[in-house]
Amino acid sequence: MITLEISKKLHGSDGVMSLDVKHSVNRGDFVVIMGESGVGKSTLLRVIAGLEKAEGSIVVDDAVWQGSGTRMSVQQRNVGFVFQDFALFDNMSVKENLLFVKHDNTLADELLEMMEIAGLGNRNVQMLSGGQKQRVALARALMHRPKLLLMDEPLSSLDPRMRRKLREKIKELHTRFGMTTLMVSHDIAEARVLANRLWFVEKGRVREYDLSYLDTLE
Amino acid sequence: MIEWTPFWLSFKLAALTTVILFLVALPLAWWLSQTESKSKPLLEALTALPIVLPPSVLGFYMLVAFAPSSPVGAFFEDVLGVKLVFTFTGLVVASCFYSLPFMVQPLQNGFESLNRHMIEASYLAGKSSRETLWKVALPNIKPALLTALIITFAHTVGEFGVVLMVGGSIPGETKVASVAIYEMVEVMEYGKAHIYAAIMLGLSFVVLLSVYVFNHREKQKARML
């Protein structure tokens with residue numbers, strides 16, 4: 001169970017606004033976070049990961065990640081994070097990207113196999129296509145077996161065919177690794193396939209909607 | 001007959017300065033590239049000072065600071081047993097100040113040009129700032145790293161004003177190539193000065209050319225990917 005009570009000042013397109021979140025997430029939830037650009041969706045993920053500071057508290061199971069004067073570093077939180085721009089280590093091969101996180105050859109091979117890129121292990125990551133890069137990024141994010149996976153528009157830079165394929169992969173990984181996942185997305189079809197909960201961010205406020213709300217968006 | 005000692009001294013000075021500065025400037029450049037501290041502009045301005053200050057001004061202050069009568073000079077002489085004025089050691093210390101921006105700035109620019117998410121991905125993987133620096137940041141800024149090393153080396157070889165002020169011109173100790181050329185001109189030994197100057201010119205050009213060729217090739221490689 002993750003309890004979020006976060007408040008952070010943001011400099012958005014409409015001037016200064018406040019990001020306010022008071023929600024909890026259950027273990028195994030797949031929360032898709034939607035909303036217009038620049039309303040604080042990415043910031044929310046970054047605050048949870050520990051990449052940005054904010055007021056308030058974050059409690060994961062019984063561990064206080066933030067609150068009552070303490071703040072766990074990003075290194076201690078052990079979250080998986082997938083960026084829109086992949087953020088792979090360009091100086092390393094595909095497999096080295098995975099092993100850098102944790103020196104676990106068996107898990108690395110298993111993840112590469114699952115992502116159908118087992119043959120690319122020795123390839124320089126700069127030589128890969130966008131879809132291949134994002135599969136490496138996903139596999140890398142799971143190398144330390146995170147309980148919480150955060151994804152910031154992971155599929156938005158890929159072509160429609162690859163998006164469809166990878167969202168199935170994400171679904172499979174979410175279940176197989178028993179994770180709780182928060183994913184920022186603009187894609188209604190993606191939300192339909194993946195989400196069991198839906199959050200909308202509107203000018204810094206996060207509101208939960210029933211999944212049927214997606215029907216009204218089309 | 002060409003006396004090679006001044007060249008040897010110049011290159012020894014440049015090599016030592018480059019090694020020491022790399023170790024000192026690397027954490028500084030990394031910190032400057034990552035920090036959001038309000039003291040960043042102050043440190044950047046201090047680091048860049050040697051670029052704009054006349055070498056004679058820098059040399060003068062260092063001469064004053066290194067003198068046994070000053071606290072710095074007294075500390076080095078009494079505690080460490082090292083004389084800094086008119087010695088090779090003093091030249092190395094002075095060169096480290098003089099060439100500091102030429103090591104810090106390319107490294108800092110290199111680090112700042114890296115994809116911020118790549119650095120964050122390393123932190124998310126549980127790696128410390130130091131490990132991220134050595135295993136992720138540094139290997140991804142090779143052209144900037146080479147530029148920093150070579151320009152620092154070349155700039156130290158080309159140093160004149162500071163060296164003359166702090167080191168004087170003691171043969172075999174502080175009389176580096178640039179000072180030797182100055183002295184030859186003073187005593188009107190133009191023939192020798194020509195040879196020395198031509199050697200310096202040739203070496204400097206070759207060094208710079210190699211940096212630019214390397215960086216050009218790296219850029220082409222990156223474009224082909």
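**View 1. V125(A), in the loop between helix 4 and helix 5 of chain A.** This close-up, like the others here, comes from a predicted model. V125(A) has 23 C-beta neighbours inside 10 Å, and since 20 or more is enough, the residue counts as buried. Who's around it? Leaving aside residues up to four places away in sequence, V125(A) touches L88(A), D90(A), M92(A), S93(A), V94(A), N97(A), K133(A) and V136(A). As for P154(A), 29 residues from V125(A) along the chain, the two C-alpha atoms sit 17 Å apart.

**View 2. Helix 3 of chain A, mostly covered.** How many of the eight residues of helix 3 of chain A are buried? Six are, namely V94(A), K95(A), N97(A), L98(A), F100(A) and V101(A). V94(A) and N97(A) also turn up among the residues that V125(A) touches. As for packing partners, the buried residues of helix 3 go up against helix 4 (105–114) and helix 5 (130–141) of chain A.

**View 3. L107(A), a residue of helix 4 of chain A.** Buried or partly exposed? With 18 C-beta neighbours inside 10 Å, L107(A) doesn't reach the 20 needed for buried, so it counts as partly exposed. Measuring along the chain is no job for the eye, so here's the spacing: L107(A) and A141(A) are 34 residues apart in sequence, and their C-alpha atoms are separated by 12 Å.

**View 4. Chain A as a backdrop: eight helices and 11 strands.** The radius of gyration of chain A is 17 Å, close to the 17 Å that the globule rule gives for 218 residues, so chain A is as compact as a globular protein of that length. Along the principal axes, its C-alpha atoms fill a box of roughly 45 × 45 × 30 Å. Buried residues account for 43% of the 218 in chain A. Take the contacts in chain A between residues at least 6 apart in sequence, and 68% of them join residues at least 24 apart.

**View 5. Where chain A meets chain B, with 17 residues of chain A in contact with 15 of chain B.** On the chain A side, helix 2 (74–77) and helix 3 (94–101) each supply at least two of the touching residues. Sorted by class, that side has 11 nonpolar, four polar and two charged residues.

**View 6. The largest nonpolar core, 90 residues in all.** Which members touch the most others? They are V32(A), I33(A), A49(A), A137(A), L150(A) and L107(B). Zoom in on A49(A): not counting residues up to four places away in sequence, A49(A) touches V74(A), R77(A), V79(A), F81(A), L150(A) and L124(B). Another core, of 26 residues, lies apart from the largest one and includes L13(B), A14(B), V176(B) and V179(B). As a rule, nonpolar side chains in soluble globular proteins tend to be buried together.

**View 7. Helix 6 (residues 100–113) and helix 9 (residues 142–157) of chain B, packed with their axes 8 Å apart.** The angle between the two is about 170 degrees, and anything over 145 counts as roughly antiparallel, so that's what helix 6 and helix 9 of chain B are to each other. Helix 6 of chain B brings F102(B), M103(B), P106(B), L107(B), N109(B) and G110(B) to the contact. From helix 9 of chain B come A144(B), L145(B), T147(B), A148(B), I151(B), T152(B) and H155(B). By class, the residues of this contact are eight nonpolar, five polar and no charged. L107(B), on the helix 6 side, is also one of the residues that touch the most other members of the largest nonpolar core.

Methods. Residues numbered from 1 in each chain as written. Chains lettered and ligands numbered in written order. Predicted model: local features only at pLDDT ≥ 70, side-chain atom pairs only at ≥ 80, totals over all residues. Contact = placed C-beta atoms within 7 Å. Helix = DSSP H or I, 4+ residues; strand = E, 2+ residues; numbered from the N terminus. Nonpolar A, V, L, I, M, F, W, Y, C, P; charged D, E, K, R; others polar. Rg over C-alpha atoms; globule rule 2.2 N^0.38 Å. Buried ≥ 20, exposed ≤ 12 C-beta atoms within 10 Å, placed from the backbone. Axes fitted to C-alpha atoms, helices over the stretch in contact; angles between N-to-C directions. Parallel < 35°, antiparallel > 145°, perpendicular 65-115°, else oblique. Core = buried A, V, L, I, M, F, W, Y, C linked by C-beta atoms within 7 Å.
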